[in-house]
Amino acid sequence: MHTPQKYSAVTRSLHWVVAVMVLATMPIGVIMLQEGLARPTQDLLFILHKNGGVILFLLVVLRIAWRLGTPSPALPATIPHWQQRIAKGVQATLYALLLVMAVSGYVRVRAGGFPVEMLDALGMPAMVPRSEALAETAQRIHGTARFPLAALILLHIGAGLKHLVARDGVFSHIWPPVGR
Ligand code: HEM
Ligand code: HEM
């Protein structure tokens with residue numbers, strides 16, 4: 001496969017849609033659990049978080065599939081080999097952690113017997129048995145995996161901004177989100 005100058009427009013637009021949604025979903029998840037929220041506000045945040053999380057899952061799966069099926073731009077040779085390996089490792093781990101977060105959130109909600117409004121409206125079965133033990137395990141995974149996810153996102157954004165400032169061409173692999 002030839003090596004393109006940029007990721008495909010689909011990969012780029014998915015990167016930025018997923019980025020914005022993840023950066024909204026994480027604080028919503030934390031805020032919705034705070035004491036003293038008005039009930040309607042809390043309900044709305046839960047609905048946004050759960051259903052947004054399911055949409056994120058679908059977008060991340062689509063993104064991984066697209067990523068594997070289309071050629072990727074190469075990092076410039078001026079970037080040391082070890083740094084390229086770390087970048088690839090961070091990116092792969094980001095994909096993995098997003099899937100872990102989405103699946104554990106879903107299992108936590110379904111095993112606890114709670115609704116996922118969007119899927120319920122579509123008549124989707126829960127696919128997860130009712131079980132307090134399972135709900136608790138999934139909740140623990142969901143509450144734990146967010147820390148490495150947040151840390152890697154900060155590292156990744158820091159690296160991305162460093163490339164933007166350095167003007168070494170790496171940022172334009174993923175920007176603009178649409179167009180050529
Ligand atoms: C908001 C600030 C962000 C900036 C400035 C940014 C920047 C970048 C850049 C420059 C690349 C291309 C790297 C390369 O060519 O190897 C990239 C790729 C990537 N970004 Fe981001 N990003 C941001 C947010 C996010 C977020 C929030 C996520 C997900 C949690 C994310 C996940 C990824 C992944 C998985 C790749 C790898 C693409 C691939 O090779 O499949 N990014 N990002
Ligand atoms: C990539 C997707 C997701 C991310 C990044 C994410 C992130 C978070 C974060 C940061 C929290 C706060 C955890 C805490 O303070 O203990 C949280 C809580 C929660 N999330 Fe998610 N989430 C995602 C997907 C989902 C999905 C798909 C569902 C359900 C369908 C879900 C359901 C929940 C629930 C129920 C809580 C409250 C947990 C509790 O009872 O302690 N999340 N999420």
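Residues are classed by relative accessible area: buried under 20%, exposed over 50%, partly exposed in between (1.4 Å probe, protein chains only). The model is predicted, with local features needing pLDDT of at least 70, side-chain atom pairs counting only at pLDDT 80 or more, and totals for chains, interfaces and linings using all residues. Residues are numbered from 1 along each chain as its sequence is written, chains are lettered from A and ligands numbered from 1 in the order written, and side-chain values use heavy atoms, without hydrogens or water.

The iron atom of ligand 2 takes its protein donors from H49 (NE2) and H142 (NE2), 2.0 Å away. Donors are N, O and S atoms within 2.8 Å of the metal (3.2 Å for Na, K and Ca); sites may look incomplete because water is not among the atoms. H49 lies in helix 2 (residues 39–69) and H142 in helix 5 (residues 132–166), so numbered from the N terminus as DSSP runs (H or I, at least four residues). The two histidines are 93 residues apart and link distant parts of the chain. Six donor atoms surround this iron atom of ligand 2, and their angles of 85 to 178 degrees make the arrangement octahedral. Six donors count as octahedral if opposite donors are over 155 degrees apart and all others between 65 and 115. H142 is partly exposed, at 21%. H49 is buried, at 15%.

For the iron atom of ligand 1, the protein donors are H15 (NE2) and H156 (NE2), at 1.9 to 2.0 Å. H15 sits in helix 1 (residues 9–31) and H156 in helix 5, 141 residues apart. The six donor atoms around the iron atom of ligand 1 are likewise octahedral, because they subtend angles of 88 to 180 degrees. H15 is buried, at 12% relative accessibility. H156, at 28%, is partly exposed.

Terms used: Tetrahedral: all angles 85-135°; square planar, octahedral: opposite > 155°, others 65-115°.
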